[in-house]
Amino acid sequence: MSNLTSFESEEQNGYIKIDQYNQKQVEEIAAHYPAIIRAIGENPEREGLIKTPERVAKALQFLTHGYDVDAAEVLRSAMFEEEYSQMVVVKDIEIYSLCEHHMLPFFGKAHIAYIPNGHIVGLSKIPRVVDAFARRLQVQERLTNEIRDCIQQTLKPAGVAVVMECKHMCMAMRGVQKQNSVTTTSAFTGAFQNDVTRSEFLRLITASLD
């Protein structure tokens, strides 16, 4: 995917909306959609659909912009030497991704922990790593592993834990049509392969601060 190169600014009711996108890519994607709209029995010249190809192209570019992000570099940009060696947990990180099989959304939450081994990372970088991998065509299993591996290989901590809970629209809107099903995946390295450490992590992510 190419880097985003163009800006679009639109003022509406005193509020300025600014979009950043790659115009060439938008045009390439949008060019295919009139035929798709016709193929499903609609009229791409109808008023409500005239701008749909361009809107879909921009939406796809945003939903897959993770291909342009170096997740390891995100972590390296805020790594600090620190002699803290207890568990760091960032939980309830929102996830929005596209299933690569049907290009329908799946969404939910990720809970991530690591045990520093000489370095900590700015807390906001953990959710940014999640977004870097989620904003691609994905399967939940691979997404879970990619987040784990990126943190492990970049920070080199004593261990990493990732648990992800998501609802998949390809199961809710079509196919088996089970609206309330939730898929849970997990991935662990190092110290989190120990039952005691893993149990502490699982207890922390289910605990409430209320």
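How many residues apart are Arg198 and Asp195 in helix α8? They are three residues apart, so about one helical turn separates them. Before going on, a word on the ground rules: this is a predicted model, where local features need pLDDT of at least 70, side-chain atom pairs count only at pLDDT 80 or more, and totals for chains, interfaces and linings use all residues. Residues are numbered from 1 along each chain as its sequence is written, and side-chain values use heavy atoms, with hydrogens and water left out.

**Salt bridges**

Arg198 and Asp195 make a salt bridge, meaning a side-chain nitrogen of Lys or Arg within 4 Å of a carboxyl oxygen of Asp or Glu. Side chains of opposite charge can pair when their charged atoms come close. With that rule, the count is seven salt bridges, and the table shows some of them. Helices and strands here are DSSP runs (H or I, at least four residues, for helices; E, at least two, for strands), numbered from the N terminus.

| Salt bridge | N to O distance | Helix |
|---|---|---|
| Lys58 and Glu54 | 3.0 Å | α3 (residues 52-63) |
| Glu73 and Arg76 | 3.2 Å | α4 |
| Arg198 and Asp195 | 2.6 Å | α8 |

How open are these residues? Take buried as under 20% relative accessible area, exposed as over 50%, and partly exposed as in between (1.4 Å probe, protein chains only). Lys58 is buried because its relative accessibility is 18%, while its partner Glu54 is partly exposed at 33%. Arg198 is partly exposed at 23%, and Asp195 is exposed at 52%. Elsewhere, salt bridges with shared partners tie Glu100, Arg142 and Glu146 into one network.

**Rings, and charges over them**

Two of these charged residues also sit over rings, which here takes NZ of Lys or CZ of Arg within 6 Å of the ring centre and within 35 degrees of the ring normal. Lys58 lies over the face of Tyr21, 4.5 Å from the ring centre, and Arg198 does so over Phe188, at 5.5 Å.

Rings also meet each other. Rings of Phe, Tyr and Trp (its six-membered ring) pair if their centres lie within 6.5 Å; planes under 30 degrees apart are stacked, over 60 edge-to-face, and the rest tilted. The whole structure has three aromatic pairs. Tyr96 and Phe107 are stacked, at 6.4 Å centre to centre with 25 degrees between the planes. That pair links strand β4 (residues 88-99) with strand β5 (residues 105-115) across eleven residues.

Phe188 and Phe201 meet edge-to-face, with 6.4 Å between centres and 80 degrees between planes. Here strand β9 (residues 183-188) is joined to helix α8 (residues 195-206). Phe201 counts as buried because its relative accessibility is 0%. Together with Phe192, Phe188 and Phe201 form a cluster of ring pairs.

**An enclosed helix and two odd angles**

Helix α5 (residues 125-134) is largely enclosed by the rest of the structure, because seven of its ten residues are buried. Among them are Ile126, Val129 and Phe133. The buried residues pack against several elements, including β4, β5 and α6 (140-155), with contact meaning heavy atoms within 4.5 Å.

Most residues other than glycine have a negative phi. Asp92, in strand β4, has a positive phi of about 60 degrees. Met103, in the loop between β4 and β5, has a positive phi of about 55 degrees.
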